[in-house]
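The following exercises concern a two-part reading of one structure: its interface and its fold. Each task is followed by a worked solution.

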Amino acid sequence: MKPAIDYLLHLADNALVLGQRNAEWCGHGPILEEDIALSNVSLDLIGQARLLYQLVASLKGGNCTEDRLAYFRDTHEFRNYTLLELPHHGPLSGYAQSSMDYGTTIVRNFLYSALMALLWEALEKSANADLAAIAGKSLKEVRYHLRHSRDWLVRLGDGTDESHARVQAALDHLFPYTQEFWAQSPAEAQAIAAGIGVDVTTLQADWDAIVDAALAEATLVRPPVGGYVTEGKQGIHSEHLGFLLAEMQSLARAHPNGSW
Amino acid sequence: MTAPIEAAWAALEELTDPEIPVISLRELGILRDVRQGADGLEVVITPTYSGCPAMGQIEDDVKSTLANAGIAARVVTQLAPAWTTDWMSEEGKAKLHAYGIAPPHQTPAGSNVVRFIARPARAETVPCPLCGSANTVESSHFGSTACKALYKCLDCQEPFDYFKPY
């Protein structure tokens, strides 16, 4: 049961953290249609996270609930990819002002959706029937997310000089974080051995094909990878996750057991 | 069919989608089954989009409708097989159309991700539900709800929703 719980939390935390990040565009989208689109993507992701947390809660039993898992765990207990917790802009230094960069949002959603379109499809065959059912639903949703982010990647990449430069910079910044997808964690290894999880390295060639085709169409250059491989899925996070959780969890923690 | 099962179907027939009040839960394919379980009557519903905020409302509506009709039944939420717009009945699609929402196309058979990406939905035309013209264009993949895309008719100039295949 433990392999299943750790693996399910990894999938759930991915969906929740990206859902929360994307929701930061709600009311701030560059155009109304995109504001609505990102909010809808967030709703799908948070819905997927809820189904997975409900499943974890039923496996754990006791007084565990989906809300406990989402709102009362701390940074080191989250198992999401580091890529998904980063802010909507590149690295800053000195007195630089942060800003919301839509190119960064689009690149992140594209890289993650391309992976999940493959991973959810493979997880439809999971030995855990509940996870397989959630994968079947999530697959239908992530196909729309991938189509949305891919269209915008091409539009921005093959757009103006300014949009091209910004989306290329976002790609250069975020691409090294995708190394974490392929570095197997002990939790993933256990879930694969139990037949619950999928070895993502078997999906890497297909992911490369999706990414390379889109980058070519978008006239973007695939950056080299290398350097530090992040370990968010093992609970070792960047400084950004704590701020995200603080905002997301503050209401539930201020009013524990509250209902509305 | 036994009498209580028929009574439950009849009582639930009046229930419509909270967001699209012209189409019933049965026509949408959300209301899957009414059956005799081990502990009595069971009403099986299936969620649409994972994040659809209407699902909680739908479950509450089903429970209160059954209670008002004096029918004791448990509501079972079933995830697999995953809900698909292909389950929408023809009468349901006609009602959507009359309401001004273009009904969903059939989902592509055996669609896989790579083909989905390589050949986006350019091939399919979504006729305008207001004037019938096929000269329409998608303005956004996501509309007022996750299940709909926003389209625009280039002939009558009206914007309209398209219920996306899922």
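**Exercise 1. Describe the side of chain A that touches chain B in this predicted model.**

Solution. Begin with the contacts: 29 residues of chain A are in contact with 19 residues of chain B. Next, assign the chain A side to secondary structure: α2 (32-60), α4 (102-123), α5 (129-157) and α9 (204-217) each supply at least two of its residues. Among the contributors, α5(A) gives the most, with 14 residues. Finally, consider composition: the side of chain A that touches chain B comprises 13 nonpolar, six polar and ten charged residues.

**Exercise 2. Characterise the fold of chain A and decide how its radius of gyration relates to the globule rule.**

Solution. Chain A contains ten helices and zero strands. Its radius of gyration is 18 Å, close to the 18 Å that the globule rule gives for 260 residues, so chain A is as compact as a globular protein of that length. Along the principal axes, the C-alpha atoms of chain A fill a box of roughly 55 × 40 × 35 Å. Turning to the interior, buried residues make up 48% of the 260 residues in chain A. As for contacts in chain A with a separation of 6 or more, 77% join residues 24 or more positions apart.

**Exercise 3. Assess the confidence of the model, with attention to chain B.**

Solution. At the level of the whole model, the scores are ipTM 0.84 and pTM 0.92. Chain B averages a pLDDT of 87, and 90% of its residues score at least 70. One stretch of chain B requires separate treatment: over residues 112-119, pLDDT stays under 50. For this stretch of chain B the model has eleven contacts beyond four places in sequence.

Methods:
Residues are numbered from 1 along each chain as its sequence is written. Chains are lettered from A and ligands numbered from 1 in the order in which they are written. This is a predicted model: local features need pLDDT of at least 70, side-chain atom pairs count only at pLDDT 80 or more; totals for chains, interfaces and linings use all residues. Two residues are in contact if their C-beta atoms, placed from the backbone, lie within 7 Å. Helices (H or I, at least four residues) and strands (E, at least two) are DSSP runs, numbered from the N terminus. Ala, Val, Leu, Ile, Met, Phe, Trp, Tyr, Cys and Pro count as nonpolar, Asp, Glu, Lys and Arg as charged, and the others, Gly among them, as polar. pLDDT is the predictor's confidence in each residue, from 0 to 100. The radius of gyration is taken over C-alpha atoms; the globule rule is 2.2 Å times the number of residues to the power 0.38. A residue is buried if 20 or more other C-beta atoms lie within 10 Å of its own, exposed if 12 or fewer, and partly exposed in between; C-beta atoms are placed from the backbone.
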